[in-house]
There are 2 protein chains.
Amino acid sequence: MENKSDLTALRAAIDEIDRQLLDLFCQRMEVVAQVGLYKKAQGLPVLHPAREQEILERVRHNCPDEMGDYASDYFAQMMRISREYQQHILKGEQ
Amino acid sequence: MENKSDLTALRAAIDEIDRQLLDLFCQRMEVVAQVGLYKKAQGLPVLHPAREQEILERVRHNCPDEMGDYASDYFAQMMRISREYQQHILKGEQ
């Protein structure tokens, strides 16, 4: 990423990244909802702390060191939001 | 997204989405850092609440209705984390 000095160009880059992030986030929510429905149908526990821990460790391992804490916070928040959506879907199922 | 009934396949789909999310998140952090440095060099205020509000409105507009609250929460958290990283970079600059 060359050093774009123009604020407009930098914001346009963020907007494009955000567009892709939103698309992927919505995809993730759909799959997380399917996981919840599948687990419920199979009588499996919906929460899986070890799985979340595995994801956080992989995140920290796969990003630049100086971003590790920030990326972990980001994924922890995203998993919290995914769980809330999953529960929302499962309640709608009752 | 066809209704994948196998938990392993669903988790693999989430892992692939997470890989892309992490990549985009790190890109966003780099650009946000550049925005901070640019603003500092130009003597501009780093925080821009109206810009964040614009992003949240666009997010809500561009995702399925039932995910609106969740997507807004997700972007608000991501912008909070981006701001913290931006301040971390700017402190390192002093």
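Author: Before we start: a residue counts as buried when its relative accessible area is under 20%. And keep in mind that this is a predicted model.

Reader: Okay, so A:Gln77, buried or exposed?

Author: A:Gln77 has 18% relative accessibility, so it counts as buried, since the cut-off is under 20%.

Reader: Where does A:Gln77 lie?

Author: In helix α3 of chain A.

Reader: And what does A:Gln77 touch over on chain B?

Author: A:Gln77 touches B:Gln77 and B:Arg80. Within chain A, its side chain makes a polar contact with the side chain of A:Arg80, at 2.9 Å.

Reader: Switching to the whole interface, how many residues are in contact?

Author: 53 residues of chain A contact 53 residues of chain B. The area buried between the two chains comes to about 5,000 Å², and carbon and sulfur atoms give 70% of that.

Reader: Which three residues supply more of chain A's share than any other three?

Author: A:Met67, A:Tyr70 and A:Tyr74, which supply 13% of the area that chain A buries against chain B.

Reader: What about salt bridges, how many across the interface?

Author: The rule finds eight between chain A and chain B. One of them joins B:Asp15 to A:Arg51, with the closest N and O atoms 2.9 Å apart. There are also eleven residue pairs in polar contact across the interface.

Reader: Which helix gives the most to chain A's side?

Author: α1(A), with 24 residues. Helices α2 (49-61) and α3 (68-93) of chain A each supply at least two.

Reader: And how do the residues on that side divide?

Author: Into 29 nonpolar, nine polar and 15 charged.

Technical notes
Residues numbered from 1 in each chain as written. Chains lettered and ligands numbered in written order. Predicted model: local features only at pLDDT ≥ 70, side-chain atom pairs only at ≥ 80, totals over all residues. Heavy atoms only, no water. Contact = heavy atoms within 4.5 Å. Buried area = accessible area lost by both parts, 1.4 Å probe. Salt bridge = Lys/Arg side-chain N within 4 Å of Asp/Glu carboxyl O. Polar contact = N/O pair within 3.5 Å; in protein donor to acceptor, adjacent residues only side chain to side chain. Helix = DSSP H or I, 4+ residues; strand = E, 2+ residues; numbered from the N terminus. Nonpolar A, V, L, I, M, F, W, Y, C, P; charged D, E, K, R; others polar. Buried < 20%, exposed > 50% of the residue type's maximum accessible area, 1.4 Å probe, protein only. Lists of a residue's contacts leave out its neighbours within four places in sequence.
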